[in-house]
Amino acid sequence: MKHLRLPVMLAAGSLALTACAGVGNKDAGGGNADSGSAGSTPTGTLNIMGFSGEDEVAQSRITAFKAAFPGVTVKNNKGDFDAQQFLTAVSSGNPPDVVYMPRNLIGTYAAKGAIQPLDDCIKNSGIDTTQYRDAAMNEVRLKDKTYGIPEFYNVEVNLISGKSLASAGVPVSDIQTTDWDRLEATAKKLYVAKNGRPARIGYDPKMPDFFPLWAMANGAELVKSGGAPNLNDPKAVEALQYTIKLINDQGGWSNFKTFRDTFDIFGAKNQFTKDQLAAFPIENWYVNVLLDARANGLQLQSTPFTDRKGQPISMIGGSAWVVPKGSKNAEAACQWAKTVTSADTWMKAAEARMQTVAKDKSFFTGLFTGNKTADDQIKAKYLKPTGDAGFDAAIKNYYDILDKAKALNPSAAGAEIDAAWKSAVAKALAGSATPQAALDQAQAEAKAAFDKASQG
């Protein structure tokens, strides 16, 4: 989502990662710190990092924790997770108490000892981990220990501009990812150029961010069970070659990206309403963003993203709450993670969202929490027909994929693997290396990082 700074920060923070391996209440080899004793009530100050906490969903959950634990003073240093800031704080011996970070980074920080296992926290505080979706829980585990409490669950489907399809005479069924040759032909038909440059993108594969999704669609597993990288799998190479070809058909990467960067993606007059884009895969949170665009003629349509066998698939994204080594109030941190991700608290968040919906005279587009129990309860109580068939179809597609979505396997070199494939895809898109050469180099770098982490 908003973690584009990470690959840059990772190299700068590598020394800090090594330095912080011994920091904490117990050894970095996996011992639990005192993360919540049975029956205890936390007090003191709780310092939070990485949690913006601006909207009504976040604010309602902060309020719920304060009501449950009035003896705790919450200090939330607003802002997205910053690897450099986090690593510096841990290595200096003055870390925050609880951190909100992307789940795909947890393996690296766990292996280096920057964060501590939460198994005692889970046991002593009575956190029912069966309430969370299995795919999200898998992301926060390493070597049979649990290092995070997951929240939010981002999945992808194709969102489509009905106006663009109508102007080109293309049926919605042609926006599919099963038959790649057919998708390429559809993208060409929908593509519009002006003076040799893109004026409308027919189908945006959302590169570089969605490379793992396309690799998975082609049957590649970028991270093997056990955490070893597999970035130059022939099927991953083929997926990268295909998406680059798709982009080259629509003006080439330089023109494509330059045009795409002009999109007002969060605005009421966005790329759909201005007929700048016909279709792309995008996460579930974007449906809520599109609500304001209805007043500007948005005709939203949707199809599932499928693999080449026709089965709906999705990569998942999201964050988790972790407790750094050296946390001065691990007990409060544990109760925070439990409280803000519980089904009861998520229901309060949904109620707050419904108040916003009523105020805006809009409709509810779903709340995808990572807590399956909460998702089911929220859907049953609040999700109603919207009166807009396109939005109804999109919301249904997102809910339908929740239990089928997968994440990359957790790895002790998760952050390094993430940085390696992103660098490789950037090189291939720019034409400075072939997809094969770029992914071969990425695999070598990621494998070296994994081997080193596995020896630690």
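What is the handedness of the crossing of α10 and α17? The crossing is right-handed, meaning that the near helix is turned clockwise from the far one by less than a right angle.

Before selecting anything, note that this is a predicted model, in which local features need pLDDT of at least 70, side-chain atom pairs count only at pLDDT 80 or more, and totals for chains, interfaces and linings use all residues. Residues are numbered from 1 along each chain as its sequence is written, and side-chain values use heavy atoms, with hydrogens and water left out.

Select helix α10 (residues 234-248) together with helix α17 (residues 414-430), whose axes come within 10 Å and cross at roughly 40 degrees; axes are lines fitted to C-alpha atoms, for helices over the stretch in contact, and angles run from 0 to 180 degrees between N-to-C directions. Show L240, I244 and I247 of α10 with V425, A428 and L429 of α17, which make the contact (heavy atoms within 4.5 Å).

Keep α17 and add helix α18 (residues 435-455), where the axes come within 8 Å and cross at roughly 165 degrees, so the two helices are roughly antiparallel (angles over 145 degrees). This crossing, too, is right-handed, and among the residues that meet are W421 and A424 in α17 and L439 and A442 in α18.

Move next to helix α16 (residues 389-401), whose 13 residues should span 18 Å at 1.5 Å a residue, in agreement with end C-alpha atoms 19 Å apart. Its buried residues (under 20% relative accessible area, 1.4 Å probe, protein chains only) include F391, I395 and Y399, and the buried residues of α16 pack against elements including β7 (156-161) and α15 (372-382).

Key: Helix = DSSP H or I, 4+ residues; strand = E, 2+ residues; numbered from the N terminus. Expected span 1.5 Å × (residues − 1). Buried < 20%, exposed > 50% of the residue type's maximum accessible area, 1.4 Å probe, protein only. Parallel < 35°, antiparallel > 145°, perpendicular 65-115°, else oblique.
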